[in-house]
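Got your viewer open and ready? Load the model below, and let's walk through it one selection at a time.

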Amino acid sequence: MIGIDVLEVDRLERALERRPSLAARLFTDAELEYAAAHARPAIHLAARFCAKEAVAKALALDAWAFADVEVIATSTAPEVRLSGRAAARADELGVQARISLTHTRDTAAAVAILA
């Protein structure tokens, strides 16, 4: 199963400016810290948001929390850590999620593959 998501970076940037508490609902502390270390954090947060959505689509989740899907930065490719309903669904299917992220200044995207 495959999931994909695309997002305009400025759309997320505007949403986070309007509602600062939204960041804590969408992202883990580690994800926020990773993004904050970059010149334009919203680019990296948008890619992580897309990864969360792509994983949820691949798992066919209809009810889940954004914290259930966490993007982990590594020295190579990003990895995903599942918890809550996302982890339960992956266990039920007997799969692990793999992700690929990409972004430009304007757009972020992610693909999730279950294997």
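Start with helix H4 (residues 41-58), which lies across S1, S4 and S5 and runs at about 150° to S1. Keep in mind as you click around that this is a predicted model.

**The sheet under H4**

Now select the three strands that H4 lies across. They make an open sheet in the order S1-S5-S4, with antiparallel pairing. Strand S1 (2-8) and S4 are the edge strands, each pairing on one side only. On average, neighbouring strands here are turned by 15° against each other, direction ignored. In general, strands of a sheet pair through backbone hydrogen bonds, so switch those on if your viewer draws them.

Zoom in on S1 and S5: they pair in the antiparallel sense over seven bridges. For a landmark, pick glutamate 8, which stands opposite threonine 107 in S5. Then slide across to S4 and strand S5 (residues 107-114), an antiparallel pair with seven bridges. Here, leucine 101 has alanine 110 in S5 as its bridge partner.

Before leaving, show the side chains of S1. Which residues sit on its covered face, and which on its uncovered one? Gly3, Asp5 and Leu7 are on the covered face, while Ile2, Ile4, Val6 and Glu8 are on the uncovered one. That fits a general pattern: in a regular strand the side chains alternate between the two faces of the sheet.

**H3 against H4**

Next, add helix H3 (residues 29-36), which packs against H4 at an angle of about 145°, with the axes 7 Å apart. Select Glu31, Leu32, Tyr34, Ala35 and Ala36 on the H3 side, and Pro41, His44, Leu45, Arg48 and Lys52 on the H4 side, to see where the two helices meet. This contact is made up of six nonpolar, one polar and three charged residues.

Stay on histidine 44, in H4. Is it buried or exposed? Histidine 44 has a relative accessible area of 13%, so it counts as buried. Leaving aside neighbours within four places in sequence, histidine 44 is in contact with Tyr34, Ala35, His38 and His103.

**Two loop stops**

Jump to threonine 104, in the loop between S4 and S5. It counts as partly exposed, with 46% relative accessibility. Beyond neighbours within four places in sequence, threonine 104 touches Val9 and Ile43. Try a C-alpha to C-alpha distance from threonine 104 to valine 9: the two are 95 residues apart in sequence but 8.6 Å apart in space.

Now select alanine 60, in the loop between H4 and strand S2 (69-72). What is its phi? Alanine 60 has a positive phi of about 60°, although it is not a glycine. Most residues other than glycine have a negative phi. Alanine 60 is also exposed, because its relative accessibility is 54%.

**Last stop: the largest pocket**

Finally, turn on a surface and look for the largest pocket, which holds about 200 Å³ of space. To find it, select its lining: Pro78, Glu79, Val80, Leu82, Ala87, Ala90, Asp91, Val95, Gln96, Ala97, Arg98 and Ile99. Strand S3 (79-82), helix H5 (84-93) and strand S4 (97-103) each supply at least two of the lining residues. Colour the lining by residue type and you should get eight nonpolar, one polar and three charged.

Methods
Residues numbered from 1 in each chain as written. Predicted model: local features only at pLDDT ≥ 70, side-chain atom pairs only at ≥ 80, totals over all residues. Heavy atoms only, no water. 1 Å grid on protein atoms, 1.4 Å probe; cavity = no way out; pocket = protein on both sides within 12 Å on 5 of 7 lines; lining within 4 Å. Points joined across faces, edges and corners; volume = space filled by probe spheres on them. Helix = DSSP H or I, 4+ residues; strand = E, 2+ residues; numbered from the N terminus. Nonpolar A, V, L, I, M, F, W, Y, C, P; charged D, E, K, R; others polar. Buried < 20%, exposed > 50% of the residue type's maximum accessible area, 1.4 Å probe, protein only. Contact = heavy atoms within 4.5 Å. Pairing = 2+ DSSP bridges. Axes fitted to C-alpha atoms, helices over the stretch in contact; angles between N-to-C directions.
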